[in-house]
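Good morning, colleagues. I shall speak briefly about one structure, beginning with its interior and then turning to its charged pairs. Please look at the model as it appears.

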Amino acid sequence: SESKKSIAAKFYQGAKMILLYSSKDEAELAYHTELLEISERLSNFIYKPTLTQGKVAGDSDSEIYNTGRIDQEKIEQVLNMFDQSNGSPVPDCYICGPPSMTDDMVALLKARSIPNKNILIEKWW
């Protein structure tokens, strides 16, 4: 869609992108290794995987994971990474997942005054 192309164009122009990605466990994180590599190469891409049920092995990578579901606190942490005080643009928020989760995330974003035009949604199943 045109909105997704707009997000990609902004990213390539240097806009910050934060991927808050939730999965049951590490094995279900699609493209996990590739996303880690991209986040190491590109300073404007931040990858924040979240495991809802899985445990992380005691290796040095364990600090990259959040645990539990993506909730208001995690959304607040991410939105606070965008400095709105200096006139920076409102972040675009792309949400993909089951309808109940996407509906909850939209409500959280609207409570933070993110306009509809900055919220893109894909619902599945």
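Let me begin with a term: by contact, I mean heavy atoms within 4.5 Å. I should also say at once that what you see is a predicted model.

With that term in hand, consider L109. Which residues does L109 touch, not counting residues up to four places away in sequence? They are I75, L79, C93, I95, I114 and I119.

L109 belongs to a wider group. The largest nonpolar core of this structure has 15 residues. Those with the most contacts inside this core are I75, L79, I95, M105, L109, I114 and I119. At least two core residues are supplied by each of the following elements: strand 1 (17–23), helix 3 (72–79), strand 4 (93–97) and helix 4 (99–111). Helix 4 provides the largest share, namely four residues. Apart from this core lies another, which has nine residues, including F11, L36, Y47 and L51.

I now turn to the charged side chains. Side chains of opposite charge can pair when their charged atoms come close. How many salt bridges does the structure hold? There are three, and I shall take them in turn.

In one of them, the side chains of K24 and E28 meet, with a distance of 3.7 Å from N to O. K24 has a relative accessibility of 35% and counts as partly exposed. E28 is likewise partly exposed, at 45%.

Another salt bridge joins E76 to R112, and here the closest N and O atoms are 2.5 Å apart. E76 is in helix 3, while R112 is in the loop between helix 4 and strand 5 (119–123), so this pair ties together parts that are 36 residues apart in sequence. Are these two residues buried, exposed or partly exposed? E76 is partly exposed, its relative accessible area being 24%. R112, at 30%, also counts as partly exposed.

The remaining pair is K123 and D103, whose side chains meet in a salt bridge at 2.6 Å, N to O. This pair, too, links distant parts of the chain, for K123 lies in strand 5 and D103 in helix 4, 20 residues apart. K123 is partly exposed, with a relative accessible area of 47%, and D103 counts as partly exposed at 40%.

To close, I would ask you to keep helix 4 in view: this helix gives the largest share of the largest core, and D103, within helix 4, pairs with K123 of strand 5. Thank you for your attention.

Definitions and conventions
Residues are numbered from 1 along each chain as its sequence is written. This is a predicted model: local features need pLDDT of at least 70, side-chain atom pairs count only at pLDDT 80 or more; totals for chains, interfaces and linings use all residues. Side-chain values use heavy atoms; hydrogens and water are left out. A nonpolar core is a set of buried Ala, Val, Leu, Ile, Met, Phe, Trp, Tyr and Cys residues joined through side-chain atoms within 4.5 Å. Buried means under 20% relative accessible area, exposed over 50%, partly exposed in between (1.4 Å probe, protein chains only). A salt bridge is a side-chain nitrogen of Lys or Arg within 4 Å of a carboxyl oxygen of Asp or Glu.
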